[in-house]
Amino acid sequence: MDQERPLPPVIERMWGREPAPRRGPRPRLDLAMITAAAIELADADGIGGVSMASVASRVGVAATALYRYVGSKEDLLTAMADAVAPLPPDPAGRPWREYLATWTRAQRDIILEHPWVLAISPFVPPMGPRRLLWLDRLLAALDGTGLDDGERINVASTLTGYALTDAAVVYGAGDPAYEKAGISGADEFGAALAEVLDPATYPALSAAVRGGVFSGAEGWVDDDDFLFGLNLLLDGVEQLIARRGGVT
C-alpha cells in the first residue's frame with residue numbers, strides 16, 4: 001500500500017488524518033469545536049475579533065492548549081474558511097443550468113452572510129473537505145453534458161470567482177471612506193465620477209456616466225446585476241456544451 005502523502009498539518013487535521021493518541025484521557029477539544037468558536041467570534045466582531053487568545057477564552061482553555069490542534073492563527077483561518085460553508089445543494093434531478101445558478105448564488109450568499117471570509121479566503125485550489133464537497137457536486141451536475149473533467153473544473157473555478165467578486169463588490173461598497181463622502185450608493189457614485197472624469201481621457205466611461213448609467217439605483221447592487229453576469233457565464237457554458245454535443 002502506498003504511503004500517504006504528507007499534507008500541511010491543519011489540512012491533515014481537517015481530514016481526520018492525524019493519528020489519535022493511544023493512551024491518556026480523551027481530549028476535550030477538537031479542531032471542529034475550535035473552528036466553530038472562531039467562526040462565532042468572526043461573525044460577531046469581524047476577523048479582528050479572532051485571535052488565539054479570544055478563541056481559547058471562548059472554549060475555556062489556555063491559549064497554549066490550542067496549538068495542539070492549530071499551529072498558528074493562519075492555520076485557524078484556513079480551517080475557518082472551509083468550515084464556514086454549509087453542505088452544498090443536492091444536484092440530483094436538477095437540470096445542470098438551474099443547479100449551477102443555485103450553486104453560484106449560494107456561494108455568494110455564504111460570503112455575504114460571513115463577510116470576514118473575504119479577508120482570509122486563500123486564492124489557492126481548495127483542499128478542505130467542505131470546499132471540495134461543493135466542487136464535487138458541481139462536477140456531478142455537469143455529468144452527461146459532454147464536458148471533460150478539466151472543462152468542468154474550469155467552470156467551477158469561473159463561477160466561484162464570480163461569486164467571490166460579486167460578494168466583494170456588495171460588501172466593499174459600504175467602505176467608510178465612501179460613506180463619509182456621502183457616497184452611499186451607485187447613484188451618488190455616478191455623480192462623483194461625473195465631477196472627476198475628463199471626457200478627453202475617458203471618453204467612453206464619461207459618456208456612459210453622463211448618460212445616467214448609474215442613475216436611479218437604490219443602494220449599490222441590484223439582484224438583476226448579479227443575474228446579468230451569471231447568465232452571461234451560463235450562456236457561455238451552454239454554448240460550450242452545445243459544441244461538445246452534450247445535453248443543453
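Which residue forms a salt bridge with Arg-244? In this predicted model, the partner is Glu-151, and the closest N and O atoms of the two residues are 2.4 Å apart. The pair ties together distant parts of the chain, since Arg-244 lies in helix α13 (residues 223-244) and Glu-151 in helix α9 (residues 149-172), 93 residues apart. The two ends of this bridge differ in their surroundings: Arg-244 is partly exposed, with a relative accessible area of 40%, whereas Glu-151 counts as buried because its relative accessibility of 15% is under 20%.

It helps to place this pair within the whole chain. The protein chain holds 13 helices and zero strands, so along the sequence one helix element follows another, from α1 through to α13. Of its 248 residues, 33% count as buried. The accessible surface comes to about 14,500 Å², and carbon and sulfur atoms hold 55% of that area. Among contacts with a separation of 6 or more, 71% are between residues 24 or more positions apart.

A word on confidence is useful before looking at further details. The mean pLDDT of the protein chain is 87, and 88% of the residues reach 70 or more. Among the elements, helix α8 (residues 129-141) has the highest mean pLDDT, at 96, while helix α10 (residues 176-180) has the lowest, at 76. Where pLDDT is low, the predicted coordinates should not be read in detail.

Helix α8 also takes part in a helix pairing. The axes of α5 (residues 73-83) and α8 come within 6 Å and cross at roughly 35 degrees. On the α5 side the contact is made by Ala-81, Asp-82 and Ala-83, and on the α8 side by Pro-129, Arg-130 and Arg-131. By character, the residues of this contact divide into three nonpolar and three charged, with no polar residue.

Turning back to charged pairs, the structure holds 10 salt bridges. One of them joins Glu-98 to Arg-94, with the closest N and O atoms 3.3 Å apart. Both ends of this bridge are partly exposed: Glu-98 has a relative accessibility of 41%, and Arg-94 has a relative accessible area of 27%. Salt bridges also link Arg-97, Asp-235 and Glu-238 in a network.

Another salt bridge brings together the side chains of Arg-108 and Asp-109, at 3.4 Å from N to O. Here the arginine is the buried end, with Arg-108 at 8% relative accessibility, while Asp-109 is partly exposed, with a relative accessible area of 33%.

What does Asp-166 contact, leaving aside its neighbours within four places in sequence? The residues in question are Arg-108 and Phe-226. Asp-166 is found in helix α9, the helix that also contains Glu-151. At 10% relative accessibility, Asp-166 counts as buried, as does its contact partner Arg-108, at 8%. Asp-109, the salt-bridge partner of Arg-108, is 57 residues from Asp-166 along the chain, and the C-alpha atoms of Asp-109 and Asp-166 are separated by 9.9 Å.

How values were computed
Residues are numbered from 1 along each chain as its sequence is written. This is a predicted model: local features need pLDDT of at least 70, side-chain atom pairs count only at pLDDT 80 or more; totals for chains, interfaces and linings use all residues. Side-chain values use heavy atoms; hydrogens and water are left out. pLDDT is the predictor's confidence in each residue, from 0 to 100. Helices (H or I, at least four residues) and strands (E, at least two) are DSSP runs, numbered from the N terminus. Axes are lines fitted to C-alpha atoms, for helices over the stretch in contact, and angles run from 0 to 180 degrees between N-to-C directions. Contact means heavy atoms within 4.5 Å. Ala, Val, Leu, Ile, Met, Phe, Trp, Tyr, Cys and Pro count as nonpolar, Asp, Glu, Lys and Arg as charged, and the others, Gly among them, as polar. A salt bridge is a side-chain nitrogen of Lys or Arg within 4 Å of a carboxyl oxygen of Asp or Glu. Buried means under 20% relative accessible area, exposed over 50%, partly exposed in between (1.4 Å probe, protein chains only). Accessible areas come from the Shrake-Rupley method with a 1.4 Å probe; for residues, only the protein chains shown count as cover.
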